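Hi everyone, thanks for making time this morning. I'd like to walk you through one model, so please have a look at it with me.

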Amino acid sequence: MAIYAVRGDPGYVDQPFAARLDQWTRQAQANPASLPPEQLAKVLERRAEGRETDPRFWFLLGEVRAQAGDAIGAAQAYETALRADPNRAEAWVGLGQALVQLGEGRVEGQAVDAFRRALALDPGSTVARYFLGRGEIDAGRRAEGVALWRSLLAELPPSDTRRAALEADIARAEAGPSQAEAVASADPREQRQMIVAMVQTLADRLEANPDDPQGWAR
């Protein structure tokens, strides 16, 4: 408040959104990279009317919205692009990734279908192959998913920066599910049995060694 008393200006006029959008549009025309994705998406949205049959425009809007963290908007833009041109493999990949984000990281249902469509159009799509491997693992088919990932890893050049991350994913998958994952994937009856067993094991351990604050908290 002390700073505002010296430097503030209560009579300063508001800056309407339209004025800011005009400024962003001028910046985009001069140098699109100068705008953050959120602002660039707004500039593109201003130009969307009448472009329903332009798949390139909607694919670009989907990419920008995805970069801005707007998974719902990205999915809608990719779907519009695919209605105009269902043979754009990269739009199917983008749609699949947006659906994965909306599904809190799980690769299932419509996301799997999108990646399969992408792979049918572009058999060399690295991203589609990676997520289809994850889809197999998420569905409980761990061996099949790891096999897909190993096949992909064998084809990545040694200089590809994605190799390290993929190798780490393979190592985690081969180590098997964690205890929490195993419980989460079980049916309700098995879940109860597993939880009771874990609680009893911990109770027995604490009875033998009660001086274990972490164990009591757990």
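I'll go from the overall fold to the core, and then to one pair of helices.

A word on what we are looking at: this is a predicted model. The mean pLDDT is 85, and 86% of the residues reach 70 or more. Confidence varies among the elements, though: α7 has the highest mean pLDDT, 97, while helix α11, residues 179-185, has the lowest, 62. As a general reminder, predicted coordinates should not be read in detail where pLDDT is low.

So, the fold. The protein has 13 helices and zero strands, so if you trace the elements from the N terminus on, you read α thirteen times over. Of its 218 residues, 32% count as buried. Taking the contacts with a separation of 6 or more, 35% are between residues 24 or more positions apart.

Now the inside. The largest nonpolar core has 43 residues, and the members that touch the most others are Trp58, Leu95, Phe115, Trp149 and Leu166. Which helices supply at least two residues each to this core? They are α3 (37-46), α4 (55-67), α5 (71-84), α6 (89-102), α7 (110-121), α8 (126-138), α9 (142-155) and α10 (163-174). The helix that gives the most is α6, with seven residues.

Let's stop at Trp58 for a moment. Leaving aside residues up to four places away in sequence, Trp58 touches Ala48, Arg51, Glu52, Ala77, Tyr78, Thr80 and Ala81.

That brings me to my helix pair, α5 and α6. How are two packed helices described? By the angle between their axes and the distance between the axes. Here the angle is about 155 degrees, and the axes are 9 Å apart. Angles over 145 degrees count as roughly antiparallel, and α5 and α6 are therefore roughly antiparallel to each other. Their crossing is left-handed. On the α5 side, the contact is made by Ala71, Ile72, Ala74, Ala75, Tyr78, Glu79 and Leu82. From α6 come Ala91, Trp92, Gly94, Leu95, Ala98, Gln101 and Leu102.

You may have caught Glu79 in that list. This residue is found in helix α5. Is Glu79 buried, exposed or partly exposed? Its relative accessible area is 35%, so Glu79 is partly exposed. Its C-alpha atom is separated by 8.4 Å from that of Trp92, 13 residues apart along the chain. Glu79 and Trp92 both belong to the α5 and α6 contact I just listed.

That's my tour; I'm happy to take questions.

Conventions. Residues numbered from 1 in each chain as written. Predicted model: local features only at pLDDT ≥ 70, side-chain atom pairs only at ≥ 80, totals over all residues. Heavy atoms only, no water. Core = buried A, V, L, I, M, F, W, Y, C linked by side-chain atoms within 4.5 Å. Buried < 20%, exposed > 50% of the residue type's maximum accessible area, 1.4 Å probe, protein only. Helix = DSSP H or I, 4+ residues; strand = E, 2+ residues; numbered from the N terminus. Contact = heavy atoms within 4.5 Å. pLDDT = per-residue confidence, 0-100. Axes fitted to C-alpha atoms, helices over the stretch in contact; angles between N-to-C directions. Parallel < 35°, antiparallel > 145°, perpendicular 65-115°, else oblique. Left-handed = near helix turned anticlockwise from the far one by under 90°.
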